[in-house]
Protein chains: 2
Amino acid sequence: MSPKVEALQRRMAEVNAFEAATALMDWDHQTYMPPAAGAARAAHVSILSRLLHEMLVSDETQRLAEEAAEEAATDDEKALVRIVLRRLEKSTKIPASLVEEKSRVSSEAHEVWVQARANNDFAKFRPFLETIVELNRQEAEHLGYTDHIYDALTDLYEEGATKKGWDAMFDGIRQPMVDLVARIKEAPAIDNRFLFGDWDIDAQRRFTEMIVEAIGFDMKRGRQDTAPHPFCTNFSVNDVRLTTRYQEFLGSAIFGSLHEAGHGVYEQGSPQEWDRTPLSGGVSLGVHESQSRTWENIVGRSKAFWSRYLPELKRSFPGLPDLSLDDFYRAINRVEPSFIRVEADEVTYNLHIMVRFEIECGMLDRSLEVKDLPEVWNEKYRQYLGITPPTDSLGCLQDVHWSGGMIGYFPTYSMGNILSYQIWEQLQADLGDVDRLMADGQFAPILGWLQEKVYRQGSKYPPNELIHRVCGGPLDPKPYLSGITRKYEGVYGLASAV
Amino acid sequence: MSPKVEALQRRMAEVNAFEAATALMDWDHQTYMPPAAGAARAAHVSILSRLLHEMLVSDETQRLAEEAAEEAATDDEKALVRIVLRRLEKSTKIPASLVEEKSRVSSEAHEVWVQARANNDFAKFRPFLETIVELNRQEAEHLGYTDHIYDALTDLYEEGATKKGWDAMFDGIRQPMVDLVARIKEAPAIDNRFLFGDWDIDAQRRFTEMIVEAIGFDMKRGRQDTAPHPFCTNFSVNDVRLTTRYQEFLGSAIFGSLHEAGHGVYEQGSPQEWDRTPLSGGVSLGVHESQSRTWENIVGRSKAFWSRYLPELKRSFPGLPDLSLDDFYRAINRVEPSFIRVEADEVTYNLHIMVRFEIECGMLDRSLEVKDLPEVWNEKYRQYLGITPPTDSLGCLQDVHWSGGMIGYFPTYSMGNILSYQIWEQLQADLGDVDRLMADGQFAPILGWLQEKVYRQGSKYPPNELIHRVCGGPLDPKPYLSGITRKYEGVYGLASAV
């Protein structure tokens, strides 16, 4: 390796150590930390984040990156330098005072939001949201953009993304999804009540650990714990932490675990030699979500998967009735327009995202005033989902993102849904009868294909380039649309719309 | 607060954030970390430790401390500056190259020691121990001393301690303890076999959590997990982590939990306003050990304590026979000279420490060559405990400390034993019938007394000054000797030696 690139890599290993520390502190916060420890933990994370930021924007790091840029020879070295320079550019453009103010306001706004949601009190949250929108506007102006103010912010979460790109993505699916939901609403409802009960916690733990190991999550290089809001984090390629939760709905644990394990196998799939460097780990939120959704939905909600695991599920949960595979398959793929995004099914999910995306754009470009948010929110839910949230708690107050200062994040969820089907189409073309493999519990070829094409690439290529390399073209909603339509016509016995 | 002292405190809060990060990484390592994550974890800890050290020995920190020293006005401010200056002095005297070499050698030696102990292969460990002794000698020369080379090192673990002081301490107890052990060996052995079994893990968890909460460990500001070698750590006064282990011997979990909870209530007892400052937390290893031993031995192995908790223990573990309080009390206070320090009873424990202390002094002042260690070790075991270790694994290879580079640490264990009785004597003088309180499960007055006299003082006073304040004089083996003698004459039905 070029000595200058090596020097930059050493500096980034220091940055990585700070990140590992704050990530572990966050994992611990959400899993095991005692209730009274919050203030000290917040102080520690805040100090370490500041020291990390100071190290990152220092002249020394800038110098190391510029020198490395001149010497970088191999593709990997050039990629490493490119990733660092992009990060330095973002970090140095935003003044430290704005970073601090946004962090302070978000922290306060988050507490207020928790109260406001609990008490259905939008008026209380409104001034904080107004400030957050204003601070995000300022941030966007510092970052710069040529077309729409949204572009500057969403690029932070998904490199290369723009409002125009998201518009095109949503335009491709909006009407077909609204139509599909309407057709499903006409069909007889599916009964899934047998999935609700007082399920044994230990049995849920054992079953979910069994299936995430079955698909290839390596428990020697990771583990699963419980958290109120499941997430996946990692401190190295050899230390990937899943979380899940055990609730009345048996699917919460199963699909929560598979979802996080999808993120997990992506992280575990980076090359060992890239560990603790900027090349390691999933490349963007959207590509990451494509993998969580692949294992949760395309694999985990398939008939083939359950033809293998339903018998074991019945053995693990004697309280289940003697279900047929068809009954079970239909129950876990039940579609119903509902108020809460995180509980939404695969078909209505993107409609929840569209509402948020359109509102974010409006708040940023001032075509929508924050005071009108509840009204606009509810109107869009009527339009897309045919239902009206009875309260703001079940409406515009439900998500944590805005209270945390994050605007521009939501569309990456839909990108993940769409991309998951697009990548799966390629996988099927290469592997042939994938349903057969799943029914046989043969996940190694499936995981192996994804590792080779996606996971082993780490963050080397920008997301758009990775998608081109894997799929031979840009993000394309067609595989998603045809896949979802075919699947749910089957689930609901609808006449083919094609 | 004086602005200069405040500036120093802000700097030390940054140091504290690094310490919290590495402490959490260590806790996680010993509790939940996946097996393959070791290399990345070691790299992260090593980088953060280096950055911490660089921050500590920087000119900026030195300047802040010197300026604060001029302005410090209150007792608390002066204490804070004193603690920081002592730490800076120690840290700056040792060259970074020596710190790094010792860290590297210790890390390697630890791995070799694990193998050597498993294979009873002292020859393999010997060259590493020789290097460690040599590096410790160099460290001592950099730190400086006036009397014996041991003084420089042991002062790192126990401020103000010297070989001469430890000699005096051990001289005060050596012969009486050897004599007491000999008298006990003449008495009929106590049967404790009923304490060994396949005890339900969950019942052990519930019972130990119940008793540590009963004595006053606050689970809102802490928690208990399991670890192969139990320890207590903390990241703030409101985040104190205990660990325990569940083994065939039921006492492992019970006395392990009480021991760590003793460390824990000491840490939880620091004033809230000192949190994340150098004033917070237990003052030294010896004083800390006095509190773990108080709750483990003086409280946890008392008849009064079990008059309260034996019925609950029997309910929790139906596999126990229908014991009398006397039978149980005698069983948990069984004395038997044995090879392994960490399994030693309260009476023989200090004899194990004396062996190590004398050997450490000899290795450092070159009156003992490392190659002769096994022979000298076994000879001292014969002399003090009347037994000969059959292997080096059960002899001089048993402890982790030397392989980790630590020489000068062991005597603090004995100091803890001795000091626990000395402080308890004061407590009894103030509180009256303490047995009555324990039998009634009334630990609040006991904990309250210790909090007021010891825990709330944090690290404000040097250990010797704290002992004077609490006990009215220096460390004194008499209360320990008379307490232990009286107790075990009772347990073994010996005629009073007095």
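Here are a few friendly questions and answers on how chain A and chain B meet in this predicted model.

User: How many residues does each chain bring to the contact, and how much area do chain B and chain A bury between them?

Analyst: Happy to start there. Chain B puts 38 residues into the contact, and chain A puts in 38 residues. Carbon and sulfur atoms account for 69% of the buried area, which totals about 2,800 Å².

User: Which element gives the most residues to the side of chain B that touches chain A?

Analyst: Good thing to ask. That side includes 12 residue pairs in polar contact with chain A, both at pLDDT 80 or more. The elements of chain B that give two or more residues to it are helices H1 (3-31) and H2 (38-56), with strands E1 (222-226), E2 (232-236) and E3 (239-244). By type, the residues on this side divide into 22 nonpolar, five polar and 11 charged. The most, 11 residues, come from H1(B).

User: Which residue of chain B forms a salt bridge with A:Asp239?

Analyst: Between chain B and chain A there are six salt bridges. In one, the N to O distance is 3.4 Å, and the side chain that meets A:Asp239 belongs to B:Arg41.

User: What kind of axis relates the two copies, and which residue of chain B comes closest to it?

Analyst: Chain B superposes on chain A by a rotation of 180° with 0.0 Å of shift along the axis, at an RMSD of 0.0 Å. The two copies are therefore related as by a two-fold rotation axis. Both copies use the same surface, since 100% of the contact residues of chain B recur in chain A. At 2.8 Å by its C-alpha, the residue of chain B closest to the rotation axis is B:Ala21.

Technical notes
Residues numbered from 1 in each chain as written. Chains lettered and ligands numbered in written order. Predicted model: local features only at pLDDT ≥ 70, side-chain atom pairs only at ≥ 80, totals over all residues. Heavy atoms only, no water. Contact = heavy atoms within 4.5 Å. Buried area = accessible area lost by both parts, 1.4 Å probe. Salt bridge = Lys/Arg side-chain N within 4 Å of Asp/Glu carboxyl O. Polar contact = N/O pair within 3.5 Å; in protein donor to acceptor, adjacent residues only side chain to side chain. Helix = DSSP H or I, 4+ residues; strand = E, 2+ residues; numbered from the N terminus. Nonpolar A, V, L, I, M, F, W, Y, C, P; charged D, E, K, R; others polar. Least-squares fit on C-alpha atoms with pLDDT ≥ 70 in both.
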